[in-house]
Amino acid sequence: MLVSYEWLKEFAALSASPDEVAERLTMAGLEIEGADKSSGDTVFEVNVTPNRPDCLSILGVAREAAAAFKAPLNIPDTHISGEESVSDFRIEIAGKDLCNRYAGRLIRGVKVCETPAWMKERLEKCGIRPLNNNIVDITNYVLLEFGHPLHAFDADRLSGGMIRVGVAGNNRSLLTLDGVERNMPADALLIWDAEKPVAVAGIMGGEESGVTSATKNVFLESAYFDPGSIRRTSKSLGLRSESSYRFERGTDIEFLEQALNRAALLIRETGGGTICRINDAYPVKFKQEKIEVHYGRVNSLLGTELKKTEMLEMLERVGLQTEDGGDVFFVYPPAFRRDVTRYFDVVEEVARIYGYSSIPVRVPRANLSDGIINRRELDSRRIREAMRSAGFSEVINFSFMNPSDLDLLSISKDDHRRKSVELRNPLRQEESMMRTML
């Protein structure tokens, strides 16, 4: 992912040079693979691991940078004032297990116009080609900024004044925005109006409901889709997008409203219009899990002598809520950190923020045996030696076997020795089953 250093500084009050920021982020686990100069700016190439989808945005990288440099984190104001009623526009979620939340805003009287130059420049720096359509470019801009994909529909082209979220079923096709007519898998999650599908959920919109130069009213979508569903559909269709890349890794179900508001405000700023009240269907609420961690266990694993307050402060800097409980403390991971599920993950966060280079180097310690053999081992050795002296041979068999060996030995089909465990990924056919006999 490409990240503009100047854009990053709008979120994190950094005084460090780009080289220093790159080094600190890399040492914190967010590898900066390269940096290029562009129009007085530095653009980082960030390698984001699959377990950290929260860093697929300027905000996410800025949060890490702010934590590394103990700098304040600044998030743009997303409060909307002067809202009116949403009229009779409706949202229905038919597949709640595949879409836990779907929110939208109707924006009336917008003007589709040229995208501001500063926004086009930032999109280009971060690898997205501007379309010179302020509505579409704003959705891409907020995707880069907040990491949450959005989609804009021409509201007047949605039949029945409604949005329905449900699977495709049989014999469904959709003309997507790239001009290709695609046959949908039966289990693909689609966005529908009252009559027909208008978008492939989380992947790409439909051509017939897209924003054009004639658009006057926009319905702006912000949702949370099941990552597994998006991944299956994307792979089945052979269709990948910036949206699917993020949805299939997991987005922030709580923050999607702020992303929606941010885009609506930018649309009003560039193209005018009246922002209607949010329409929010949230059938499956996010539940914050509690993780218990012993202070002493953290220091024992890391070999450090950190104070309780230092540990809690480090975790708070990366957005993890904490609560002191005496000898233990509790961590409440937010919706954007679903990778933090166990106390090992919490220890890793402390190590990252404290700095791996700051952890003291010590010679490994190991307990040595006193060399005294117990009675059981002594008897076992005597038995083996006696059998070898009597002419027997001792063998330690390989744990795997070849299925054809059972046929060579004429083992009958109903023999219990044929009830073996098969390996899912054997290195070769001759080692594909667990041994059932000597």
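This is a short tutorial dialogue on reading salt bridges and a surface patch in a predicted model.

User: Let's start with charged pairs. How many salt bridges does the structure hold?

Analyst: The idea is to look for a side-chain nitrogen of Lys or Arg within 4 Å of a carboxyl oxygen of Asp or Glu. Here you get 29 salt bridges.

User: Pick one for me. Which residue forms a salt bridge with Arg-352?

Analyst: That's Glu-64, with the closest N and O atoms 2.7 Å apart. Check where each partner sits: Arg-352 is in helix 11 (residues 343-354) and Glu-64 is in helix 3 (residues 58-69). The two are 288 residues apart, and the pair links distant parts of the chain.

User: Are those two residues buried or exposed?

Analyst: Go by relative accessible area, where under 20% means buried. Arg-352 comes out at 7%, so buried, and Glu-64 at 4% is buried too.

User: Now a local case. Where do Arg-317 and Glu-313 lie?

Analyst: Both are in helix 10 (residues 308-317), 4 residues apart, which is about one turn of the helix. Their side chains meet in a salt bridge at 2.9 Å, N to O.

User: What is the relative accessibility of each partner?

Analyst: Arg-317 has 19% and counts as buried; the cut-off is under 20%. Glu-313, at 37%, is partly exposed.

User: Back to helix 11. What does the salt bridge between Arg-337 and Glu-349 tie together?

Analyst: First the contact itself: the closest N and O atoms of Arg-337 and Glu-349 are 3.0 Å apart. Arg-337 lies in the loop between strand 18 (328-332) and helix 11, while Glu-349 is in helix 11, so the bridge ties together parts 12 residues apart in sequence. Arg-337 is buried at 1% relative accessible area, and Glu-349 is buried at 3%.

User: Which residues do salt bridges with shared partners join into one network?

Analyst: To read a network, follow the partners from one bridge to the next. In this case Arg-52, Asp-54, Glu-64, Arg-337, Asp-339, Glu-349 and Arg-352 are joined. Both pairs we discussed, Arg-352 with Glu-64 and Arg-337 with Glu-349, have their residues in that network.

User: And away from charges, which residues make a nonpolar surface patch?

Analyst: For a patch, look for nonpolar side chains within 5 Å, on residues with over 30% relative accessible area and no salt bridge. Ile-383, Met-387 and Phe-392 make one of about 320 Å². Take Met-387 as the example: this residue lies in helix 12 (residues 375-389) and is partly exposed, with a relative accessible area of 41%.

Key. Residues are numbered from 1 along each chain as its sequence is written. This is a predicted model: local features need pLDDT of at least 70, side-chain atom pairs count only at pLDDT 80 or more; totals for chains, interfaces and linings use all residues. Side-chain values use heavy atoms; hydrogens and water are left out. Buried means under 20% relative accessible area, exposed over 50%, partly exposed in between (1.4 Å probe, protein chains only). Patches are made of residues with over 30% relative accessible area and no salt bridge: like charges are joined within 9 Å, nonpolar side chains (Val, Leu, Ile, Met, Phe, Trp, Tyr) within 5 Å. Accessible areas come from the Shrake-Rupley method with a 1.4 Å probe; for residues, only the protein chains shown count as cover.
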